[in-house]
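Colleague: I have the sequence and the model open side by side. Can we go through what is covered and what packs together?

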Amino acid sequence: MNNRVEICGLDTSTLPKLKHEEMMELIKKAQSGDNDARERFLMANLRLVLSVSQRYAAKKQSIDDIFQVGCIGLIKAMENFNVSYNLRFSTYAVPMIIGEIRRFLRDCSPLRVSRSVRDTAYHALQARQQIEHETGDTATVDDIAAALNIPVSDVVYALDGISDPVSLFEPIYHDGDDTVLVMDQIADSTDDNRLSRIDIDDAIEKLGERERKILMMRFYEGKTQMEVSKEIGISQAQVSRLEKNAISAIHKKVAD
């Protein structure tokens, strides 16, 4: 059986295969500065990068570009892997490779997300990986928020912000002439309601980061203006003024 795959000019059939003990020995040497060991270790693990990259083959970005970004994740995993853990390298490396590829795809997305939101999302993903690695359980949003010492709403907002957008007209079920779209599954929503929500979301996105945070704390977390002022570090009067300005800006945007 021919398992030969060419990617980025690389013939994967020529790549070496190493046992676990050999991998651990090479990674020790590589982390100590042995460049030959580093090269051998990375070459032996390129198949791992390829297997992860192929999950994203349907994306618009070139598979070669995705593969190269995955290699960056592999290098980071090699440099940070602790050989004293009773853990296979692939178990540790795959989440890091996926993380690099997802970051690359997010940065290439036509929907732009603010740097602060992307940074929060990046830290949230790191925290989730760390929690799941240490506990063996799926990390909840509450777990991530506690690890980062930030509100749950900030974690939800950040992770939602980096999620791949889905068209309302994307089919989710098809049976002959009967096609069900995403928009058909949105309960209690008329076209006008959907458009209004889109306008509101767009208006909120155009607000400054502090105004968005105040609205989130006031209307999603149910905090008082005094509580918001203490957490943000400004006076209650300033919170009140910023809140009114933000709401006024949203009303004006929607009215237009």
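Colleague: How many of the 8 residues of α3 are buried?

Modeller: This is a predicted model, and buried here means under 20% relative accessible area. By that cut-off α3 is mostly covered. Its buried residues include Leu-46, Val-49 and Ser-53. The count for α3 is 6 of 8.

Colleague: Which element gives the most residues to the largest nonpolar core?

Modeller: That core has 32 residues. The elements giving it two or more residues are α1 (20-31), α2 (35-44), α3 (46-53), α4 (63-80) and α5 (89-107). With 8 residues, the top contributor is α5.

Colleague: Which residues have the most contacts inside the largest nonpolar core?

Modeller: Nonpolar side chains tend to be buried together in soluble globular proteins. In this chain, the 32 residues of the largest core can be ranked by their contacts inside it. At the top are Phe-41, Phe-89 and Ile-97.

Colleague: What does Phe-89 touch, leaving out residues up to four places away in sequence?

Modeller: Contact requires heavy atoms within 4.5 Å. On that basis the partners of Phe-89 include Met-23, Met-24 and Ile-27, and also Phe-41. The others are Asn-45, Leu-74, Ala-77, Met-78 and Phe-81.

Colleague: How many residues are in the other core, the one with Ala-127 and Val-155?

Modeller: That core lies apart from the largest one. Ala-139 and Ile-144 are also among its members. Its size is 9 residues.

Colleague: What percentage of the chain is buried?

Modeller: The chain has 12 helices and 4 strands. It runs to 256 residues, and the buried share of them is 32%.

Conventions: Residues numbered from 1 in each chain as written. Predicted model: local features only at pLDDT ≥ 70, side-chain atom pairs only at ≥ 80, totals over all residues. Heavy atoms only, no water. Core = buried A, V, L, I, M, F, W, Y, C linked by side-chain atoms within 4.5 Å. Buried < 20%, exposed > 50% of the residue type's maximum accessible area, 1.4 Å probe, protein only.
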